[in-house]
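User: I would like to go through this model by way of its strands, its core and its cysteines. Please keep each answer short and end on the item asked for.

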Amino acid sequence: QVQLVESGGGLVQAGGSLRLSCAASGGDFSIGSTAWHRQAPGKQRELVAIIHISGSTNYGNSAKGRFTISRDNSKNTVYLQMNSLKPEDTAVYYCNADLRRLGSNLDLNYWGQGTQVTVSS
């Protein structure tokens, strides 16, 4: 079964850093345009950053200047480097990606199960 697997979340003090990873498992897929979203308790899910297959990126206002999204196509993995973390960055972070099975022209959209990021003050 194809799935996106996020990793790298955890507990960190304010000002610290974390790097999240998003990888596809369960088959021979290439990972296309990929976004990180987050959802804090009682709040709507928001876009954090997106990286397109071309490598171009866009960031939500909360992430600009502090977070960097990148991809390693050889590892079929997308990363979110988060620096200068603040308590308000505390949320479940979700990966959302277009996956294309090798030999196919069809992109299928998947969500990961989420990884918890907690920033203590």
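**Strands, core and disulfide**

User: Which strands form the open sheet, and in what order?
Analyst: This is a predicted model, and its open sheet has four strands with antiparallel pairing. The twist from one strand to the next averages 15°. β1 (3–7) and β7 each pair on one side only, which makes them the edge strands. The order is β1-β3-β8-β7.

User: In β8, what is the bridge partner of Ile 69?
Analyst: β7 and β8 run antiparallel and are joined by six bridges. In β8, the residue bridged to Ile 69 is Leu 80.

User: How many bridges join β4 to β5, and what is the bridge partner of Trp 36 in β5?
Analyst: Strand β4 covers residues 29–39 and strand β5 residues 46–51; the two run antiparallel. Their hairpin has six residues between the strands, and Gly 42 there takes a positive phi near 80°. The number of bridges is five, and the partner of Trp 36 in β5 is Ala 49.

User: Which residue in the turn of the β5 and β6 hairpin has a positive phi?
Analyst: β5 pairs with strand β6 (residues 57–59) over three bridges in the antiparallel sense. One bridge pairs Ile 50 with Asn 58 in β6. Five residues lie between the two strands of this hairpin, and the one with a positive phi of about 100° is Gly 55.

User: Which strand supplies the largest share of the largest nonpolar core?
Analyst: The core has 27 residues, and those touching the most other members are Trp 36, Val 48, Phe 67, Leu 80, Met 82 and Tyr 93. At least two residues each come from β3 (18–25), β4, β5, β7, β8 (77–82), β9 (91–101) and β11 (115–120). The largest share is five residues, and the strand that supplies it is β9.

User: Tyr 93 touches which residues that are also named among the core members with the most contacts?
Analyst: Leaving out residues up to four places away in sequence, the contacts of Tyr 93 include Glu 6, Leu 20, His 37, Arg 38, Gly 114, Thr 115 and Val 117. The core members that touch the most others include Trp 36, Val 48, Phe 67, Leu 80 and Met 82. The contacts of Tyr 93 also include Trp 36, Val 48, Phe 67, Leu 80 and Met 82.

User: Is Arg 66 buried or exposed?
Analyst: Arg 66 lies in the loop between β6 and β7 (67–72). Beyond four places in sequence, Arg 66 touches Gln 81, Met 82, Asn 83, Ser 84, Leu 85, Lys 86 and Asp 89. A polar atom of the Arg 66 side chain lies 3.0 Å from the backbone oxygen of Ser 84. The relative accessible area of Arg 66 is 12%, and the cut-off is under 20%, so Arg 66 is buried.

User: Which cysteines are joined by the disulfide, and at what S to S distance?
Analyst: The count comes to one disulfide. With -70° about the S-S bond, the link is left-handed. Cys 22 and Cys 95 are both buried. The disulfide joins Cys 22 to Cys 95, with an S to S distance of 1.9 Å.

User: How many residues apart in sequence are the parts that Cys 22 and Cys 95 tie together?
Analyst: The disulfide joins Cys 22 to Cys 95. Cys 22 belongs to strand β3 and Cys 95 to strand β9, so the separation in sequence of the parts tied together is 73 residues.

Technical notes. Residues are numbered from 1 along each chain as its sequence is written. This is a predicted model: local features need pLDDT of at least 70, side-chain atom pairs count only at pLDDT 80 or more; totals for chains, interfaces and linings use all residues. Side-chain values use heavy atoms; hydrogens and water are left out. Two strands pair if DSSP finds at least two bridges between them. Buried means under 20% relative accessible area, exposed over 50%, partly exposed in between (1.4 Å probe, protein chains only). A polar contact is a pair of N or O atoms within 3.5 Å; within protein, one must be able to donate a hydrogen and the other to accept it, and residues adjacent in sequence count only if both atoms are side-chain atoms. Contact means heavy atoms within 4.5 Å. A nonpolar core is a set of buried Ala, Val, Leu, Ile, Met, Phe, Trp, Tyr and Cys residues joined through side-chain atoms within 4.5 Å. A disulfide is a pair of cysteine sulfur atoms within 2.5 Å. Axes are lines fitted to C-alpha atoms, for helices over the stretch in contact, and angles run from 0 to 180 degrees between N-to-C directions.
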